[in-house]
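Me: I'm new to this structure and would like a close look at just one part of it. Could you walk me through it slowly and explain the terms as you go?

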Amino acid sequence: MDTSAPNTEPTPDSTVRLADYRPPAWRVTEIELRFDLGIHATLVHSKLTLARDRDEPLRLDGEDLALIEARLDGHSLADGEYTLDDAGITIPDARDGSVLELDVRIDPARNSQLSGLYLSGSRDHGFLLTQCEAQGFRRITFFPDRPDVLARYDVTLRAPKDRFPVLLAGGEQVEAGEFADGRHYARFVDPHPKPSYLFALVAGHLEKIERAYRTADGHDVMLRLWAEADAIDRCHYAMDALERAMRWDERAYGRNYDLPVFNVVATHDFNMGAMENKGLNIFNSKYLLADPDTTTDDEYRHIEAVIGHEYFHNWSGNRVTCRDWFQLSLKEGFTVFREHSFCEAMHSPSLKRIEDVAMLRRVQFAEDAGPLAHPVRPAEYQAIDNFYTATVYEKGAELIRMLAGRLGTDGFRRGTDLYFSRFDGQAVTIDDLLAVLGEANGVDLSPYLKWYAQAGTPEVTAHGEYDEASQRYTLALEQHTPATPGQSHKQPVPIPVNVALLAADGTRIALQLEGDATPGGSERVVELTQAEQRFVFTRVPSTPTPSLLRGFSAPVHMAFDYTPAQLALLLQRETEGFDRWNAAQQLAARAFDEQFAGNHERAAGNAWLDALAQLFAARADIDPALLADLLTPPPALELGTRHAPFDPDAVQRAREPLERALAQRLGDTLATAYQELHQSESGDPGPAAAASRRLKGRVLALLMRHDLKTGSALALAQFETARGMTDRLSALSALVRSGAAQAADALRGYRERFAGDALTLDKWFTLQATQPEHAALERVQALTADPAFTLANPNRVHALIGAFTRANPVAFHRPDGVGHRWFAGKLSEIDARNPQLAARLAKAFEDWPRLEPRRRASAESSLRGMLARGGHSPDLGEILVRMLAAGDAAG
């Protein structure tokens, strides 16, 4: 780690703290890089122009580098003129304005961490590429590898032309040529100062598609998407999505692309989803490659989202970057919000909001409630790679959404315009963002900084009281945030609560807060800023049903003692799709509670079934995709948080009857609806057809529970004749989940058909890994011996082992503990080659303190066993220590 400043210098306990931040003692204003590329040996020559801002010895980060020579101002340094260790190099005689040249050798083929320069694919046919965020550049050359050191890059790549015919780097290509010995070169210059984490290169056998684009401000840009020859024809959808993202960003934020070429490269070997390197985005192929035969409708939308996300980083992350890694959400939370807004503009806003909130509740709320809870802006870390989390990304995006709602569309645009203009070319903080948004609108947004400093999900309790005589409705709100590891005391935070009041017939009541001269429309945002507040609405003609937190106006738990009839009213009569879905989820959760407790009185369950039966009967009047979501109760992991301790088997036993009861209630209308939907299927990739396929898949899953024989026959026929992957996979899933006799043959057929397609085969692994039964463990163990399985590929590991541990609590948390012990062994294997991957997978244990005693003891034993064995990476070690410490504190 960089020892030039305390913000990146490890303390004796290896903890880096936000409170210790200091600007860098040394900066690099210009860097020239020359690569002589090879699979087993790449030579890197770097020339750094140095600027000293504080009187300290020059310290540069470096890992796994073989130093050949160091020259300071033309003088070759002898052994005694520098100090080299496992974390970097110290050169005490450097001075302000010095030029330091370094020659190092690295071995990309040995780099199994996929950080720095590494090989994707086989040694004979693969290609070289880089991944430098967060701290990968130090594995390429010695450098002050921190985001607040911004330099201009001049990069030359040299390589044998027959082995590396394509040479790419960030910035603009300004020169290219060939040598007499069969090598060639290309030189790239980036005029924009950037941190080292945004450096990128790619070299190898690649094909491209390209498209000319003219920005809104009149500049011509060539868009180029690169992939290996067998995949290039699957890049056309991504190209279309990229153009849509660029146009949207021009309209919504006034941001234009700023280089003459924009390159995007697909690789199968990548730890992340994608990387926004300036002018050279690198994508995990699962978020770039698509065609109807191999890609589901959901995957098409996810590809569009990730394409947009990485492109939007060109301004929110690249042109304006983060001062230090504690500010990670400055670029990621802001950009996720921009991504979500883009997707809402391209598709249904309600359905996108449902998708985002469902993910937040399932993943981020669980993170906030577990041993790894941390603020959106963490106060400390040991391995920064462990903080690329749902809290930083998704909760961070919700905070930006709150700010945008607080300022309004025009006000938020004023603020972001000022942000981009004032801080262009700088590394800044979350405080800077909130200050400039407030400055542009004449408001103080500093109270929202508490959201960034506190971990945990606030719990808001609401009570309503109606006074018929005065026609006043009083809404009392209270907030409380539970203690989290390292934070026992929480302060109130500003919480915007979007409110509507519905009359008994479902019509909206005009809202007028006490003190207002006139009514203010049929919905109103009230801001809860204290521990307790009361809001009085006047001229309310009858007892209302409140619709609270409409649109999910804040990332909180909202509790209101609704009757089942009130939730059914909201489900049937709310005007926004998200709010109908939210009511359906609450009503289904109440029905689950009744089932879990063994109550014979099923008021919530009956209300849920009645409401859904009425909506299903009127399905012609409802968006099919929304109806599919309304018909789907919350997942088992979310329902499991409602009852402590967590027993996955008990949760599954209570949830499955809900599915069966709904199937039986809808009865024969399921087969009728299925035939209607199936007959209209044309294979059209558009949103209307995709919505119908979404509903058809849900109807088929319910039909299998109502009439297995009929459903199985229909599912097999759909699987065999499907026009696209959405129908094919939903049919295969229905067969597998129901245990139908045809499932085994269908799985074999899928395996044979897509044996050579890595991304499509990942779905096959995941489907089998997530079957909610104890025997899934033995199935997963057997699948690790499949010739197509490898620990070297993160996508394949996530598809099988990750899916099993994160999405199949019944099998992973088996009471005999075999799942825990097996996973612990696999984690050690993975950690030895790819610490980032191992640490992310290990988070599957984060719910261990909530498990019932037998399962809890098993999980704890596996965690302590891994820690005691030692030899683990700092990444995995930090996760193990934090999880066990939180469990100890919880008792």
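The part I'd like to hear about is strand β11, residues 127–131.

Reply: Happy to. This is a predicted model, where local features need pLDDT of at least 70 and side-chain atom pairs count only at pLDDT 80 or more, while totals for chains, interfaces and linings use all residues. Residues are numbered from 1 along each chain as its sequence is written, and side-chain values use heavy atoms, with hydrogens and water left out.

Let's start with the strand itself. Strands here are DSSP runs of E with at least two residues, and helices are runs of H or I with at least four, both numbered from the N terminus. In β11, 5 of the 5 residues are buried (under 20% relative accessible area with a 1.4 Å probe, protein chains only; exposed is over 50% and partly exposed lies in between). That is why the strand counts as largely enclosed by the rest of the structure. Its side chains go two ways: F127, L129 and Q131 point to one side, L128 and T130 to the other, and all of them are buried.

Now for the neighbours. Two strands pair if DSSP finds at least two bridges between them. On one hand there's β10 (residues 116–120), which runs antiparallel to β11 and is joined to it by 5 bridges. Y118 is the residue standing opposite L129. The two strands make a hairpin with 6 residues between them, and G121 in that turn has a positive phi of about 90°. β11 also pairs with β16 (residues 201–204), again antiparallel, through 2 bridges. There, L128 has A203 as its bridge partner.

Zoom out a bit and you get an open sheet of 4 strands, in the order β10-β11-β16-β13, with antiparallel pairing. β10 and β13 (166–169) are the edge strands with a single partner each, so one side of each has no neighbour in the sheet. On average, neighbouring strands here are turned by 15° against each other, direction ignored (axes are lines fitted to C-alpha atoms, for helices over the stretch in contact, and angles between N-to-C directions run from 0 to 180 degrees).

A little further along the chain, rings come into the picture. The structure holds 41 aromatic pairs (Phe, Tyr or Trp rings, using the six-membered ring of Trp, with centres within 6.5 Å; planes under 30 degrees apart are stacked, over 60 edge-to-face, the rest tilted). One of them is F137 with F143, an edge-to-face pair at 5.2 Å centre to centre and 85° between the planes. Both F137 and F143 are buried, too.

One more ring for the road: R163 lies over the face of F164, 5.1 Å from the ring centre. For that to count, NZ of Lys or CZ of Arg has to be within 6 Å of the ring centre and within 35 degrees of the ring normal. R338 does something of the kind, with its charged end over the ring of F334, 5.7 Å from the centre.

Back to your strand, then: β11 is largely enclosed, with β10 and β16 as antiparallel partners.
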